[in-house]
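Colleague: I would like to learn how to read a protein model step by step, beginning with the whole chain and ending with single residues. Could you take me through one, giving the general idea before each case?

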Amino acid sequence: MKTLILYAGKYGATCEIAERIASKLESSTVYDLKGKDIPPIAEYDCVVIGSAIYAGVICKEAKDYLSQNEGVLCSKKLGLFLSGLDSSREKAFLDSNFSQTVLSAAIAKSFLGGTFDPKKAGITDRLIMKTVSKKSEYTSNIQNEKIDAFAEGLKI
């Protein structure tokens, strides 16, 4: 099975998660949705879309890609993942950021954790994190067990 893993994020956690998923799947390729050379979906049996979530919303690149390719994505084996620190609202985040059609087509969908690294974040993001979540130091809650389960779910 040939798998295309596409991700969008700001500071690297979503890329790290995408690469961890790829390491669990044979014949997988990882691309940043902010890049220009995304291969055609038709070449792949399985497509995974991942996005960081900020203030409850996925990245614009992921949202645009999903809306432009919904039909063909739904004809593939599809996986969706979110990255971020607040996994307590996983279902709400999935429901509010993906169409019902895409959610129904996805065989794997999960919130896989994330990181906050104040050294990589801009001043605005550091202030928001400090104010909203009371975090000002490096934090990681990337969930390896959920990544493993997500990748296994794609092999079905």
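**Reading the chain, its helices and its contacts**

Modeller: Of the 156 residues of the protein chain, 45% count as buried, and please keep in mind throughout that this is a predicted model.

Colleague: How many helices and strands does the protein chain have, and in what pattern do they follow along the sequence?

Modeller: The secondary structure comes to 6 helices and 8 strands, and, read along the sequence, the pattern is β-α-β-β-β-α-β-α-α-β-β-α-β-α. One may also ask how far along the sequence the contacts reach: among those between residues at least 6 apart, 77% join residues at least 24 apart.

Colleague: How should I describe two helices that pack together, and what are the values for H1 and H6?

Modeller: Two packed helices are described by the angle between their axes and the distance between the axes. In this structure, the axes of helix H1, residues 13-24, and helix H6, residues 144-154, come within 9 Å and cross at roughly 50 degrees. Angles under 35 degrees count as roughly parallel and those from 65 to 115 as roughly perpendicular, so H1 and H6 are oblique to each other. Their crossing is right-handed.

Colleague: Which residues make the contact between H1 and H6?

Modeller: On the side of H1 they are Ile17, Arg20, Ile21 and Lys24, while H6 contributes Asn144, Ile147, Asp148, Phe150 and Ala151. Sorted by character, the residues of this contact divide into 5 nonpolar, 1 polar and 3 charged.

Colleague: Which residue forms a salt bridge with Glu16, and how far apart are the closest N and O atoms?

Modeller: The idea is to look for a side-chain nitrogen of Lys or Arg within 4 Å of a carboxyl oxygen of Asp or Glu, and by this rule the count comes to 6 salt bridges. Glu16 pairs in this way with Arg20, with the closest N and O atoms 2.4 Å apart. Because the two residues are 4 apart in helix H1, about one helical turn separates Glu16 from Arg20. Glu16 counts as partly exposed at 30% relative accessibility, and Arg20 is also partly exposed, with a relative accessible area of 26%.

Colleague: Which salt bridge links distant parts of the chain?

Modeller: Lys146 forms a salt bridge with Glu90, where the closest N and O atoms are 3.3 Å apart. This pair links distant parts of the chain, since Lys146 lies in helix H6 and Glu90 in helix H3, residues 90-97, with their positions 56 residues apart in the count. Lys146 is partly exposed at 26% relative accessibility, and Glu90 is partly exposed with a relative accessible area of 21%. Another of the salt bridges joins the side chains of Glu152 and Lys155, at 3.0 Å from N to O; Glu152 is partly exposed at 47%, as is Lys155 at 42%.

Colleague: Is Ile41 buried or exposed, and where is its place?

Modeller: For a single residue, the cut-off to remember is that buried means under 20% relative accessible area. Ile41 has a relative accessible area of 7% and is therefore buried, although its place is in the loop between strand S2, 28-32, and strand S3, 46-54.

Colleague: Which residues is Ile41 in contact with, leaving aside its neighbours within four places in sequence?

Modeller: Ile41 is in contact with Val47, Tyr65, Asn69, Val72, Leu73 and Lys76, once those neighbours are left aside. Of these, take Leu73 as a case: Ile41 and Leu73 are 32 residues apart in sequence, yet 7.7 Å apart in space, C-alpha to C-alpha.

Notes:
Residues are numbered from 1 along each chain as its sequence is written. This is a predicted model: local features need pLDDT of at least 70, side-chain atom pairs count only at pLDDT 80 or more; totals for chains, interfaces and linings use all residues. Side-chain values use heavy atoms; hydrogens and water are left out. Axes are lines fitted to C-alpha atoms, for helices over the stretch in contact, and angles run from 0 to 180 degrees between N-to-C directions. Angles under 35 degrees count as roughly parallel, over 145 as roughly antiparallel, 65 to 115 as roughly perpendicular and the rest as oblique. A crossing is left-handed if the near helix is turned anticlockwise from the far one by less than a right angle, and right-handed if clockwise. Contact means heavy atoms within 4.5 Å. Ala, Val, Leu, Ile, Met, Phe, Trp, Tyr, Cys and Pro count as nonpolar, Asp, Glu, Lys and Arg as charged, and the others, Gly among them, as polar. Buried means under 20% relative accessible area, exposed over 50%, partly exposed in between (1.4 Å probe, protein chains only).
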